[in-house]
Each structure stands twice: as structure tokens, then as C-alpha cells.
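Q: I am new to this structure and would like a close look at one residue and what lies around it. Could you then go on from that part to the rest of the chain, taking your time over the details?

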Amino acid sequence: MLAAGSSAAGLTTSSGEPLADRLADQLRRAGAAEVRFAATLDELAALADTATGPLLVTGTDLVAHTAVLRHLATSPVGPTVALVLGDPPVPGRTAVREERGQVVDAGPLGELDGDATGVFGGALRVGVDDLPTLAAAARAAAVGARPVAAPVGPAGDVSPLPATGGAGHEDPGSAVDRLVAGLAALGTLIFAQRVRLLVAHRVEDGAALVAAEAAVTSVDEDRAELRLSVKERDDFFSTYFVSTWSPYVVRLAARLRLTPTGVTVISVLFALGAAVLFGVGGRLALVSGAVLLYLGFVLDCVDGQLARYTRHFSAWGGWLDTMADRAKEYLVYAGLGFGVSHAGLGNGWALAIAAMTLQTVRHMTDTWYGALHDEAARRPRTTTGVSGGIGDRLNAASTRVQADTGSLSYWLKRTVVFPIGERWALIALTVALFNPLVSLIAVLVWGGLAFAYTGALRTLRARWMWVPVLDTVDATLHRDDGPLARRLPVVRPMGPLTLAVIAALGPAALLVAAGLGDAPDGLRWAVPVALLVLLAGGLGAGAAHNGPLDWLVPAALRAAEYLFAIAVGVVGGAPGWLIFGYVFVLTVHHYDLTARLEKRQAAPPLHAATLGWDGRSVLLALLAIAGVVSIGMATLGAYLLVVFVVSVVLAWFVRPARGARASAAPVGAGGVAPR
């Protein structure tokens, strides 16, 4: 961690110590292993060249709670994070434009054309992969040049080097400002860390220092941190029926030394208990299950709040939380489906399968629309579409509603999309007051309406943004293509989205025919036809995914594969619980891919062994032709589950352990670590 100098370095605090020394002590308490003063930006660049850990760069004009620095140093949102304040811009300070939590532009206020949303707070954490860019930006800023290209290459193999700054020959008051502006100019992905409830100010003279210190001492740091553990903008149910009292649970969990992962596991057990009670049926069991479901959701919020309060973040914990959320919800669907069938109210498994499929496809569109929006925010506005039109107006209207926090329109917008808090609340209320059948129907109706609403609006906005987001990632991985799809010829004129939609039509028609017919087994001949239509989705695998709506391709392929698997199961006479279980395993695999997308991680270790959507579908078709769908689906599902578990163990435990042992190994002859 590093700190660049500032004109406030000579100021003395109310306790009599130099402001720079107090900041250095705060950096240590925030987690810095070592603190160094960089006298010049060239010296800072040299330190960045040799560092192998993240660096925290600050100016010595910062007066803030220690928690502000700790939050910056431990922020989980991204590798490079800048402190952003709501103070009015002043000459010599860097203004920033922030969108969706990202600093998409930084520089003097006049260069932002009135689009500034805040000012740089004089501190930033730079991730390891961005250290070469930091060094380039520092050298350019030292000579007053504006960087134009980012360097490429590793950061080096050295320990982290924390530091605070001293005075140098540069204008120290603007050194760190020029640095962050240079990083932004080089295209570095910088996330914004806002100061909420706590205090942070940059000072230039004694009067400003006294005022800033008074503001810091007026806020109870621990109480503010506890309140900060709650998301600033959450959904209606979470805000008013969970977060009003969950901080007390967070404090208790912290005193009991529970970890966020431990709380996640407990919440899964609560959801599992609720699912069992929903399956048992009876008024007492249903009401008790609803209570357990609510408490499980409270704990689902508490695990994240506890992580923010204790600053215990990990990639494993974030991944586990994402996967556990979906597993809990679908276990509840399974309990409701069994409860409907057990009570003789109808085909509960069909409803549960429909709810799980709908929700998964919705989540796929949510993930990719978020990626689309983030990519659009990072690009110059002139390249993200033509201004004006309905898409532009919808985007402006959405921004206005989101800014009107707490208004009726704000809450309607957040509620109508049927977020997880509202889903769990609806399930708990309907199952306690009525029965599992009403609960599943309510989830399907509201979920379907929400899907139609968000899909229509996002389609219009995406056409305006026109960002080929799939071209920025490994499209083959996130399409989940297997060896067959990768070898099919490319049909470019139709486009990958059109082909993916066509791929879903064949399985959908087969499923409708099987559901309406009296003897679905008689449709076995139609399975190869539906498979051929499904494989049309593979004809776009090698094409460029640069259309304005191609971000929908992964969701369309998920829908196509799920519909085909369900149709084959119905035609082959597989029991509902088995079809549900097989599709559930597929959703787990696909949620793993979306979790990796959010972290920009590589493919899972055994991804090739999952066969791809095309390979799995071909196997199911062969099983249907052979008349062994139930046995084959159970075997294939078990195989995929084993591959997933082994892949998780390899990715999160075995490989990191090997890497740790390799880095700790003694250096052998010639300076090379022995293997």
C-alpha cells in the first residue's frame, strides 16, 4: 500500500502529531503490512513495478475514520477501487463520473461536461493486475503528460509495499489526483467506494483540518459500521421486514465468532427444513415452514451483512453464497411440488419444474443484461448507440426513478421485477394462508409477468446501447457449447440469437404435444426431430455475437436445453421428481458459469467433461430412442453432479493449496523454485 504526498503533509492534528503520521498509523490499523512514503510519483512508479500485492495509494491530506481506509482496502467489488466523495469539486481536485458503481471518467471538472457525480477522495486501492498501469500512469503524471495506452505484462514477484507520502518536487496537492485521472485515461476498470455514514474529507489548511476532525469525532465508528453492513439500496421486503432488525443478529453472530460461510450453511438448513414441512403438508406444518422460510431469508441477508461488518470477504464465500441462494430456492420449489402432489392437488412437480426453469432463465438474462450495462458504462458514449429514441428516453426515465429513493415509483420499480425477498415473502404468505398449489401458481404468474416486463424494457434499452458484450468474454464457455456445437458449420446471416430461439422452438413444441397427448410415449419418434431443431442453436456458435440483443443468447440456449430435457423426460415416462432433479443439476452447472462471469474467472477445471448443452441433449435423445429415459437421466444427472462437485473441490481447494505450496517452496539452484 502506498501514499503520495500532499500540501497538507505539514499540518498537525489536535493530538499534536503530524497529519501524515496519523494517516500512516491508520493505514496500519486498516490492514497494511508496511507503510512507505513516496516522495515523488517516479518513486511510486518504481514501487509499483516491484510489488506483487495490491497497493493502497493515498494523499496525506485525508482526514477520515480508519474504517473508511479499511473498507477501501478490503472492498470486494473489484481489484481497483477509488474513494469517491460527494463534496463539490474544487480546482486541483479530480472530478469523477460514476455509473453502476464504476468510475467511467475522471479528470478536471471542466473535462466532464457537467456529468460529474462526485469527486475523488484522495485514496485508491490498486489490484495486482493493474500495477503496471499504475506505474505508467504515475510516470506520465510526473512529467505532466496524459497517458494514452496501457502497458501489458505481469506485475512482478515482490511482497506488498504499504506507504504514505511525503513532500516532493511535484505539486503534491494534485499528485494523487493526476494519478487516478491517468488510470482512468488508460482504461483501468475502477470501482467507486462511497463514504456513507462515516466521514472522509481532504483538507488544505488548519481550519479545514479542525472542521474535519470534529466531523470524524461526532460519528460513532462501530455503530456506523454496523448500519453500513446493510445494503444501501435493497428491495422493499428486505428493507422494511428484514434490515430493520437483522443488524442485531449480525452483532450477535460477530460476538459468537460465526463466519459468513457458517451463517450461509445455517440458512440452507432453514430452507431445507421449510421445504420438508411444505412437503409434509397440514396447516401447522405449512405455517411452521413459512416461519422457517422467513428466518432462512433473514439469515440469507445476515451472511452478507456479517461479511461487510467484519470485512471477511473471500471469493469462495461469494461463490458459495450465490450458489446457496439458488439451491435454497429450488429446494423450496421441490418441497412445494411434492406437497402439491402428496395432497392430491395436481401435478406439483410440473409446476415446480416450470418455476425453476422460469427463474433460471430470468437469472441468466439478469446476469447478462448487467454485464451489458457495465460494458456500456465503460465505453465512450459516442460508441454505445445513437442518442435519442425510445431507448434513450427509457434510460433517462430509469435513472430518474432510481435517484428518487423511497418514492412510490422507486419502490414499484424495485418490487415489480419480483426480487428474491419478494419471492420468499410471497411463498411464505401464500403457503401459510392457502396451500402449496396456490404458492407455486403465484410464483409462476408474478414471475412470468416480471419476466415479460423486464424483457421488453431491457430489449428496447439494449438496442439503444448496442454493446456486443458477448464479444468481450469467452462466448463458447458462456454459451456452454460442447464439441458438437463447436464443429457445426456457421450460419452467419441468421445471427446467433435467431438460431438460439429457433433451437428452443422444437423442444417447446414437443413438450406441448407430450403434455396434451394421452400417450406421450408415442411421440418417441419426434425426439430426433426436436433434437435436430435444437442443434440449430449450434450453427451460430462460431459467428460473431455482436448484435444489440445477442446478450440473450445464453438465456435462450438455457431455455432450449431445459425444455428439451423436460420434453424427453415426459415422453420417456420419467417421474416428475427425476426430471426436476436433472434440470436442477443443469441449473447448478449454469449458475457456476454466471458466477465466474461476474468475477471474470476462467472455465471450471472439468468443464469439458460436462459435454456441453449439445452433447447432453444428444445423449438424452439416444436414451429416449432406446426407451431407457429414467435410468439414463438418473445416470447422466448423477455423473454431472459428481463432475460439478469434483470441479468445485479442484477449483477452490486443491489448486489454491498447490499454488500456496509452490509459492512457499524454497528456491533451488539457478533461482528457480523446484517443482
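A: In this predicted model, Phe278 is in contact, once its neighbours within four places in sequence are left aside, with Leu286, Gly289, Ala290, Leu293, Val332, Gly335, Leu336, Gly339, Ile427, Val431 and Pro436. Phe278 itself belongs to helix α10, which runs over residues 260-280. Its relative accessible area is 0%, and since buried means under 20%, Phe278 counts as buried. As for its distance from another part of the chain, the C-alpha atom of Phe278 is separated by 9.3 Å from that of Tyr333, although the two residues stand 55 apart along the chain.

The chain as a whole gives this residue its setting. It holds 25 helices and 10 strands, and of its 675 residues 51% count as buried. Among contacts in the chain with a separation of 6 or more, 83% are between residues 24 or more positions apart. The accessible surface comes to about 28300 Å², and carbon and sulfur atoms account for 65% of that surface.

Another helix, α15, lets one follow burial along a single element. In this helix, which covers residues 408-416, the residues Tyr410, Trp411, Arg414 and Thr415 are buried. Viewed down the axis of α15, these buried residues fall within an arc of 120 degrees, and therefore they line one face of the helix. An α-helix has 3.6 residues a turn, so residues three or four places apart point the same way. On the other side of α15, by contrast, Leu408 and Leu412 are exposed. After this helix comes Phe418, and its phi is positive, near 60 degrees.

Two leucines also have a positive phi. For Leu197, which is not a glycine, the value is about 75 degrees; this residue sits in the loop between β9 (190-194) and β10 (200-202), and at 33% relative accessibility it counts as partly exposed. For Leu611, likewise a residue other than glycine, phi is near 80 degrees; Leu611 is found in the loop between α23 and α24 (612-626), and with a relative accessible area of 26% it is partly exposed.

There remains the empty space within and around the protein. Rolling a probe the size of a water molecule over the atoms shows where empty space is left. The search of the whole structure finds three cavities of 30 Å³ or more, and the largest of them holds about 130 Å³ of space. Its lining is made up of 14 residues, with His589, Thr610, Leu640, Val643 and Phe644 lying nearest the centre. The elements that give two or more residues to this lining are α23 (576-598) and α25 (629-664), and the largest share, five residues, comes from α25. By type, the lining of this largest cavity divides into eight nonpolar, four polar and two charged residues.

The second largest pocket, for its part, contains about 690 Å³ of space. It is lined by 30 residues, and those nearest its centre are Ala354, Thr357, Leu511, Leu563 and Ile566. Two or more residues of this lining come from each of α13 (348-378), α20 (496-516), α22 (553-571) and α23, with α13 giving the largest share, eight residues. The lining of the second largest pocket comprises 24 nonpolar residues, six polar ones and no charged ones.

How values were computed:
Residues numbered from 1 in each chain as written. Predicted model: local features only at pLDDT ≥ 70, side-chain atom pairs only at ≥ 80, totals over all residues. Heavy atoms only, no water. 1 Å grid on protein atoms, 1.4 Å probe; cavity = no way out; pocket = protein on both sides within 12 Å on 5 of 7 lines; lining within 4 Å. Points joined across faces, edges and corners; volume = space filled by probe spheres on them. Helix = DSSP H or I, 4+ residues; strand = E, 2+ residues; numbered from the N terminus. Nonpolar A, V, L, I, M, F, W, Y, C, P; charged D, E, K, R; others polar. Buried < 20%, exposed > 50% of the residue type's maximum accessible area, 1.4 Å probe, protein only. Arc of directions from axis to C-beta. Contact = heavy atoms within 4.5 Å. Areas by Shrake-Rupley, 256 points an atom, 1.4 Å probe, with all protein chains shown as cover.
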